[in-house]
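Good morning, and thank you for the opportunity to present. I would like to discuss the ligand site and then two points of backbone geometry.

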Amino acid sequence: MKIGIDQISFHTSHYFVDMAELAHARNEDPNKYLIGIGQKKMAVIPPTQDSVTLAANAAAKILTPENRQQIDTVIFASESGIDQSKSGAVYLQSLLDLPRQVRAFEVKQACYSATAALQLARGYIALHPDKKVLITASDIARYGIGNAGEPTQGGGAVAMIISKDPRILALEEDSTVLTENIMDFWRPNYATEAKVDGHYSGHMYVDFFNEVFDAYREQSGMTLANFAALAFHLPYTKMGLKALRSILPQATEADQQRLSANFEDSRQYNQIVGNLYTGSLYLSLLSLLENTTTLKAGDRLGLFSYGSGAVSEFFSGILQANFKQALFPEQHQKMFAARKQVDVPTYEKIFQQQLPIDGSTVELDLSHDPAPYVLAGIKAHQRQYRKQY
Ligand code: HMG
């Protein structure tokens, strides 16, 4: 039985900052951010959006009266959770008006958690082929103002529906995994920004990629010639390029050209959004699928997932007949085109508008947020979510 991604969508906030402007403000050469980091625009997330509303806004784009009746599992993958106990998935169930007969829960392992959710969903559908699983991968990447990690911030959510006979990508069964307890990036409970050993994290990303990819080649007997394209977790797009370049010498000239050209399609959306942690690999997959003019049904895609701490996985999938018809690039392009550029002082002000952590009541101004699902404030220690339309 084929099992995999039947639908996929993306949502981000309506604000962005231009990376060349940010570079000027930080006394850096713009090419460091544009080429060295590989980012053009960075999503700026206002306080009226959190990991739950971003996920709801993404998921609403792929829910239909039919699939609502078949979804019996909702998995919220995030490292920007809004509560230590209650899962974001339970809020999603009510905000999205899903049936009460669902199991709803949250998973976490840095940027790896959406892949964990995908593999769980695949196993679940194998046992329950008549069901569907809704996965949301939702995060806000925060390092702080003026530090080295700043140009690799961003945020947003990818939503996916996993089912049998998927319209987009059927997952293959061989995958290779690796876990090692390292301190490259983490966020203690008391911190709103990540702690990171930046250069070390980049080295570990490439090392983990090489190890899981080598193991995959050995296990499957495949080489780069078997892959039409590779999609990477993209914390910033140069990171994926470094991983790709580390294995390109294994490929023929023609394979190198194909994989490099497809990498360009796979980073278009990430270049104008930034890091959304666990959703980044799936935003890159969406970017590849919506921007490609060469990929076709039957092509094999390789996917590399990396979550600091660290857990990584290399796995693959086969593009399905008419996969383009299950996508809606116009809606995503429209969302990108409608975003408003903010200057650096405005981005800094928004960045600092953190919700109170002392239990006080707050009412947020919703008048500027055009998204259907928003956070209206906090009252009696409870987040107040609204559906605006
Ligand atoms: P930095 O130290 O300011 O930058 O921070 P740099 O000096 O290393 O320069 C960056 C690149 O720009 C270099 O290229 C420079 O040569 C180049 P590279 O050697 O890397 O190929 N450069 C220029 N290029 C063109 N024109 C110029 C120019 N000047 C310089 N004029 C760093 C960079 C990524 C370390 C920092 O932004 C950071 O710490 N970011 C956060 C950590 C991160 O994203 N790590 C990625 C791997 S870990 C991961 O993916 C997991 C994660 O998503 C979290 C999770 O799992 O939840 C982060």
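In which pocket does the ligand sit? The ligand occupies the second largest pocket. A pocket here is an open set of points on a 1 Å grid over the protein atoms alone, where a 1.4 Å probe fits, with protein on both sides within 12 Å along at least five of seven lines; a molecule sits in one if more than half of its atoms lie within 2 Å of its grid points.

Please note that this is a predicted model, in which local features need pLDDT of at least 70 and side-chain atom pairs count only at pLDDT 80 or more, while totals for chains, interfaces and linings use all residues. Residues are numbered from 1 along each chain as its sequence is written, and side-chain values use heavy atoms, with hydrogens and water left out.

The ligand is surrounded by 30 residues, the closest being K32, E79, C111, A148 and K242 (a residue counts if one of its heavy atoms lies within 4 Å). By type, the shell holds 13 nonpolar, twelve polar and five charged residues, with Gly counted as polar and Cys, Tyr and Pro among the nonpolar. Both domain 1 (3-168 + 327-387) and domain 2 (171-321) contribute to this shell, so the ligand lies between them; the domain bounds come from an automatic or database assignment.

Let me turn to polar contacts, meaning pairs of N or O atoms within 3.5 Å. A ligand nitrogen is 2.8 Å from a side-chain N or O atom of S201, and a ligand nitrogen is 3.0 Å from one in the side chain of D29. At C111, a polar backbone atom is 3.1 Å from a ligand oxygen.

Finally, the backbone. Most peptide bonds are trans. The bond from G309 to A310, however, is cis, with omega near 5°. N322, which is not glycine, has a positive phi, near 60°.

Methods: Polar contact = N/O pair within 3.5 Å; in protein donor to acceptor, adjacent residues only side chain to side chain. 1 Å grid on protein atoms, 1.4 Å probe; cavity = no way out; pocket = protein on both sides within 12 Å on 5 of 7 lines; lining within 4 Å.
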